[in-house]
Structures are given as C-alpha cells and as structure tokens.
Amino acid sequence: MRKDEARFFIKAIMLSKQFFIVTVSAMGVLALVCLTCVFFRFIGIGEFEIKGETDYKLSELVSASGLRTGDRLYEVNEKEAEELLLRGCPYLKSVEVKKKFPNKICFEVEERVLGWYIEISEDYYALDYDMQVLLETYDEESLTERGLTKLVLPELESAMCDYLPEFGRGDEHLISETLKIVDTFRNHAIKERLTYLDLSNRFEIKLTIDGAFDVKIGDMSNIETKLKTVLEVIETQLDNGYVGGEINMITPTSYSFKGVFAEPPEKEQGSDA
C-alpha cells in the first residue's frame with residue numbers, strides 16, 4: 001500500500017470515530033431533552049414565590065391567579081394567570097407569571113403606589129401616582145393615616161376604581177395644565193410632607209405642609225424658589241417654637257408668616273403655682 005493511500009485510510013478512520021462520537025453525544029442530549037420534556041409535562045406545581053415588593057401576601061396572589069399546588073406546570077397559561085392577578089389585585093401595576101424548573105411558579109410584581117386622594121360628594125377616592133383610582137371609601141381618616149395628600153382639582157365630575165377620574169366638559173387646556181402641576185409636586189421633595197394641595201385655581205395655589213402650615217404660593221412662577229423658601233421658613237419657625245401657621249409665599253422675596261405657638265401644658269390640680 002502506498003503512503004498516500006495509507007494516510008487517506010487513517011484519516012477516514014479518524015473521521016468515522018469523530019462522527020460516531022458526535023452522533024452518540026447528540027443522541028444523548030436529545031434523549032435528555034425528551035426525558036426532561038416528559039418530566040416537565042407531568043410534574044405538578046410544588047411551590048410559589050414572589051419577586052418584587054408588594055403588600056399582598058403570597059397566599060392572596062396564588063388565590064387570585066387561579067393556580068393551585070399540584071396543577072400541571074406544563075398546562076399553566078401564564079397570560080391568563082396574569083390577567084386574573086391584575087383583575088383581582090388592583091394595587092398591582094404589572095405582573096409576570098414565570099415557570100421555574102423543576103416545579104416552581106414565580107410571580108414577578110410591581111405595585112402601584114398610592115399618593116393622593118380626592119373627595120366627590122362626601123366619598124373619597126385614593127389615587128396612585130399615575131392618577132388612577134384604586135380605592136373608594138367613606139373614611140377619610142384611613143387615607144390620611146396612609147400619608148396620602150388630599151388633592152383638590154378643577155372640573156372634577158366623578159371617579160371609579162381602576163380608571164382615571166372624570167372631568168367635566170370644561171377647558172381641556174386647564175385640565176392638562178393642572179395635571180402638569182400635580183406631576184411637579186409629585187416629583188418634588190416637598191411631597192413627603194404635603195398633606196393638602198388645592199389646585200381648584202391654578203393661579204391661586206394653596207397647600208398644607210405637615211398638616212400644620214397653610215401656604216399660599218399663587219401661580220407656578222418661580223416654583224422651585226417658592227417651595228425651597230417654604231421649607232426653610234418652616235424649619236426656622238419650628239426652631240423658634242412655632243407648631244404651625246400661615247405663610248404667604250406669592251412673592252418669595254417678601255413673604256409673610258403668621259405663626260401659632262404650642263399651647264402650654266395644663267397644670268395639674270393641686271400643683272404649685
């Protein structure tokens with residue numbers, strides 16, 4: 001046998017071995033995938049978990065999703081479960097239902113954050129920061145205890161859960177500009193201390209800070225300067241012993257303050273004068 005023929009014969013044998021190894025490996029992987037699919041098809045849900053911050057308990061999310069322990073993981077319809085969750089849990093802004101090997105369902109959630117409430121005909125409606133109504137109640141105190149800001153809006157007509165408040169057929173520009181003002185206060189540091197915001201007239205805006213300091217700021221001109229000065233005035237007057245008061249901040253360079261001192265504690269009967 002010539003050298004060229006021998007070299008060709010050896011190369012053919014090596015290629016055959018490599019092909020055999022690749023084929024066997026591929027068949028092994030395919031068999032593993034098939035076994036996994038069969039296993040996955042028949043295995044039941046064994047565990048649920050939450051990913052993300054929410055006030056909902058895991059049991060509440062499971063109940064709202066329509067899923068149960070033991071349901072076949074393969075048959076879970078994620079989109080249907082997500083729709084049920086959003087319908088049954090109004091505080092959820094978004095949710096994703098994901099299957100995790102070997103037998104887990106994960107709820108990835110983002111929750112709406114309540115920030116405001118409005119009053120219509122002695123009913124109160126809590127709104128998230130996207131101005132969607134999430135809660136209706138007759139108990140205003142339950143909303144103030146949550147730290148929500150009371151919001152007074154012009155042309156407000158009605159409200160319904162899961163929808164934006166409805167405005168009357170007034171000036172659309174007025175409504176649009178008012179909502180821009182709401183967004184400005186939402187993104188300002190003063191929002192954490194804001195208990196009342198009256199935008200019924202956007203040229204005569206009124207607000208209350210810490211439930212104790214009533215402020216008039218006029219329109220939105222120089223708004224950053226006005227709000228910064230308001231906070232500085234409040235901190236100064238708190239140091240001076242005032243617990244509340246009225247601030248006129250229509251013109252920041254010549255604002256006025258009328259303060260309220262804390263009432264002295266009542267003396268106990270029989271105590272020395």
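**Exercise 1. Place D198 in its strand and name the residue opposite.**

Step 1. D198 is found in strand β10; strands are DSSP runs of E with at least two residues, helices are runs of H or I with at least four, and both are numbered from the N terminus. The model is predicted, so local features need pLDDT of at least 70 and side-chain atom pairs count only at pLDDT 80 or more, while totals for chains, interfaces and linings use all residues. Residues are numbered from 1 along each chain as its sequence is written, and side-chain values use heavy atoms, with hydrogens and water left out.

Step 2. Strand β10 covers residues 194-198 and runs antiparallel to β11, residues 205-209, with four bridges joining them. Two strands pair if DSSP finds at least two bridges between them.

Step 3. Opposite D198 in β11 stands K206. Y196 has T208 as its bridge partner in β11. A hairpin of six residues leads from β10 to β11.

**Exercise 2. Describe the surroundings of D198: is the residue buried or exposed?**

Step 1. D198 is buried, where buried means under 20% relative accessible area, exposed over 50% and partly exposed in between, with a 1.4 Å probe and protein chains only.

Step 2. D198 has no salt bridge; that term requires a side-chain nitrogen of Lys or Arg within 4 Å of a carboxyl oxygen of Asp or Glu. The nearest side chain of opposite charge is K206, 4.9 Å away.

Step 3. The side chains of D198 and Y196 are joined by a polar contact of 3.5 Å. Such a contact is a pair of N or O atoms within 3.5 Å; within protein, one must be able to donate a hydrogen and the other to accept it, and residues adjacent in sequence count only if both atoms are side-chain atoms.

Step 4. Beyond its neighbours within four places in sequence, D198 is in contact (heavy atoms within 4.5 Å) with V152, E204, I205 and K206.

**Exercise 3. Follow β11 to its other partner and then to the sheet.**

Step 1. Four of the five residues of β11 are buried.

Step 2. β11 and β12 run antiparallel and are joined by five bridges, with K206 standing opposite K216 in β12. Their hairpin has three residues between the strands, and D210 there takes a positive phi near 60°.

Step 3. These strands belong to an open sheet of nine strands with mixed pairing, in the order β6-β5-β4-β7-β10-β11-β12-β13-β14. Its edge strands, β6 (133-137) and β14 (256-261), each pair on one side only.

Technical notes. Lys, Arg positive; Asp, Glu negative; His and termini not counted.
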